[in-house]
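Thanks for sharing this one. Here are some notes to read alongside the coordinates, set out as numbered points.

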Amino acid sequence: MPDYFDTVERQLAERTAHGVDRTSRPTPVRSPQRHDAAEDAGTPPARSGGRGGGGASGPGGPGRQRRREALVLGSALLVAVVVVVGLLSLGLGAHHGPAERASTTTAHRRTRPARRTAPLTSTKPALSSHAPAGATAPRHVTAPVGPVPPGFGPESFTATGPSTWWLLGSAPCSSPPCTSILRTSDGGRSFVGTPAPRTSHVSQLRFANVADGFAVDPQLWVTHDGGAHWHQIRLGGAVTEVATANGFAYALVRYGHRGLGRLERSALGSDTWTTLPAAGSAFAGLWAHGSDVLVGSGGGRELAISRDAGVRFTRETSPSSLPCEFEEPSRPVIWAHCVTGTESATWRSTDAGAHFHPVHGPEPGLPNSALFAAASGTTAVLGATSLLRMTDAGGHVAPVTGVASVTAWQYLGFTDASHGVAIGYIGAPAPANERLYYTSDGGAGYRLVSTG
């Protein structure tokens, strides 16, 4: 008879585990693990939204199938309970004393954890190096537009092509927050205003295509309709950088003390974010192109490199133990512009990060607030109060033309080897004094672009 009880219990456990296996699903939007005060300061409750972010199942969908399986499982459980109760009523097992029952129960407890515990806790989807087809499919959206806000000052730039740009900044307004976004479809000849996130806790803007955009630092706000609507995503920390490539968005999430951070990934068009554990303690210097992802890790001591969209990473030694900005405009050349203390310096690798060599650029060293942007594997622009262009892998350094009136720089970036922008202040560092400059010759010269 004990063999019969064991058989009934084993079958019941297997039915239960089978039901769990079939109904387990990835968690669509992960609950925050921890929030920095800066992330949540003065923010409205997060809105659900976005394509692919999960939601209630429709008729005949996963929700209905889960209910059917629950009924089958409940019926099996009821039958097993009736059988066991009937056997007990015939006196089977009545000869067990308290000590024997305790021993039997203990024996069952020792064996139960070994049955099927993994499916109960495994809810993370398997990582893939290929984005879903919907993430790379073209989407046509129409966002509302309006006039450029008077007094707009640009702070961050993003582009999806030579002619389509967005600018994040602010303008005087009567009802803060005064965050504003401009868009141009003709290479800066004219701009229009578009809706912006209702927050003042963002300082960077990234658009992956005409539909999917991200405003970050320290909060993360997302749009999937070209900026018509924005909603906040909470990832349990301050989102300091976002990069997009090949159907994916990557977010650098920092929390707690220095060196604590992680890299998250989401398919474009979705609000489901997944941690990339192979990146380690991701900290700074996020960069992505195609399936290549670079990020500083290990508190700044390592450079983590992925060639398969973040599924696997290799580790190389970073040229500085302090935060670096990494760029790989043409593999295997990687530039690293790093803080060294009160100053900053530039290194370059020609073997995909295995070895870095100092670039003998401007002397003396630039301050640690200096900006850097690589146009190609041999050309880069950097500076703090003035801009300098390095060519021949740093062999030649020359001042950039067309920006003599700028007193400090806010942003530098290139969309390809020839085209790029710079944002600087004319006078005191205030939004009203920010100006946008454009280059079409790899940073040799810039011209002022009027936004309004």
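**Notes on the strands, disulfides and rings**

1. Let me start at strand β20, where proline 358 is the bridge partner of tryptophan 347. The pairing behind this contact is antiparallel: β19 and β20 (residues 357-358) are joined by 2 bridges. Please keep in mind throughout that this is a predicted model.

2. Strand β19 deserves a longer look. It spans residues 343-349, and 5 of its 7 residues are buried, so the strand is mostly covered. Besides β20, β19 pairs with strand β21 (residues 366-367), again antiparallel and with 2 bridges. Within that pairing, serine 344 has leucine 366 of β21 as its bridge partner.

3. Serine 344 turns up once more on the β18 side. Strands β18 and β19 run antiparallel and are joined by 6 bridges, and here valine 339 stands opposite serine 344. The hairpin made by β18 and β19 has 3 residues between the strands, and glycine 341 takes a positive phi near 140° there.

4. How many disulfides does the structure hold? There are 2, and with the bonded cysteines numbered in sequence order the pairing reads 1-2, 3-4. One of them brings us back to β18: cysteine 324 is joined to cysteine 338, with an S to S distance of 2.1 Å. The torsion about this S-S bond is about 110°, so the disulfide is right-handed. Cysteine 324 belongs to strand β17 (residues 324-330) and cysteine 338 to strand β18 (residues 333-339), so the link ties together parts 14 residues apart in sequence. Both ends are covered: cysteine 324 counts as buried at 7% relative accessibility, and cysteine 338 is buried with a relative accessible area of 1%.

5. The other disulfide joins cysteine 173 to cysteine 178, and its S to S distance is 1.8 Å. With -75° about the S-S bond, this link is left-handed. Is cysteine 173 buried or partly exposed? At 38% relative accessibility, cysteine 173 counts as partly exposed.

6. Strand β13 (residues 284-289) makes a hairpin that is worth a visit. Of its 6 residues, 5 are buried, so β13 is largely enclosed by the rest of the structure. It runs antiparallel to strand β14 (residues 292-297), to which 4 bridges join it. One contact to look up is alanine 284, whose bridge partner in β14 is glycine 296. With 2 residues between the strands, the hairpin has glycine 290 at a positive phi near 60°.

7. A separate item is the open sheet of 4 strands, ordered β5-β6-β7-β8 with antiparallel pairing. Its edge strands are β5 (204-207) and β8 (231-233), each of which pairs on one side only. On average, neighbouring strands of this sheet are turned by 25° against each other, direction ignored. At the β8 edge, strand β7 (residues 220-223) pairs with β8 in the antiparallel sense over 3 bridges, and valine 222 has histidine 231 as its bridge partner in β8.

8. Now to the rings. A search of the whole structure finds 9 aromatic pairs. Why does the pair of tryptophan 165 and tyrosine 438 count as tilted? The planes of the two rings stand at 35°, with the centres 5.0 Å apart, so the pair is tilted; an angle under 30 degrees would count as stacked and one over 60 as edge-to-face. Tryptophan 165 sits in strand β2 (residues 165-170) and tyrosine 438 in strand β28 (residues 434-439), so the pair ties together parts 273 residues apart in sequence. Tryptophan 165 is buried at a relative accessible area of 1%, and tyrosine 438 counts as buried at 11% relative accessibility.

9. Strand β28 has another ring to check. Tyrosine 437 forms an edge-to-face pair with tryptophan 409, at 5.9 Å centre to centre and 65° between the planes. This pair links distant parts of the chain, 28 residues apart, with tryptophan 409 in strand β26 (residues 408-414) and tyrosine 437 in β28. Tryptophan 409 and tyrosine 437 are both buried. As for clusters, Phe157, Trp165, Tyr411 and Tyr438 form one.

10. Finally, two charges over rings. The charged end of arginine 254 sits over the ring of phenylalanine 283, 4.1 Å from the ring centre. For arginine 265, the charged end sits over the ring of phenylalanine 248, at 3.9 Å from its centre.

Notes
Residues numbered from 1 in each chain as written. Predicted model: local features only at pLDDT ≥ 70, side-chain atom pairs only at ≥ 80, totals over all residues. Heavy atoms only, no water. Phe/Tyr/Trp six-rings, centres within 6.5 Å; stacked < 30°, edge-to-face > 60°. Buried < 20%, exposed > 50% of the residue type's maximum accessible area, 1.4 Å probe, protein only. Lys NZ or Arg CZ within 6 Å of the ring centre and 35° of its normal. Pairing = 2+ DSSP bridges. Axes fitted to C-alpha atoms, helices over the stretch in contact; angles between N-to-C directions. Disulfide = S-S within 2.5 Å.
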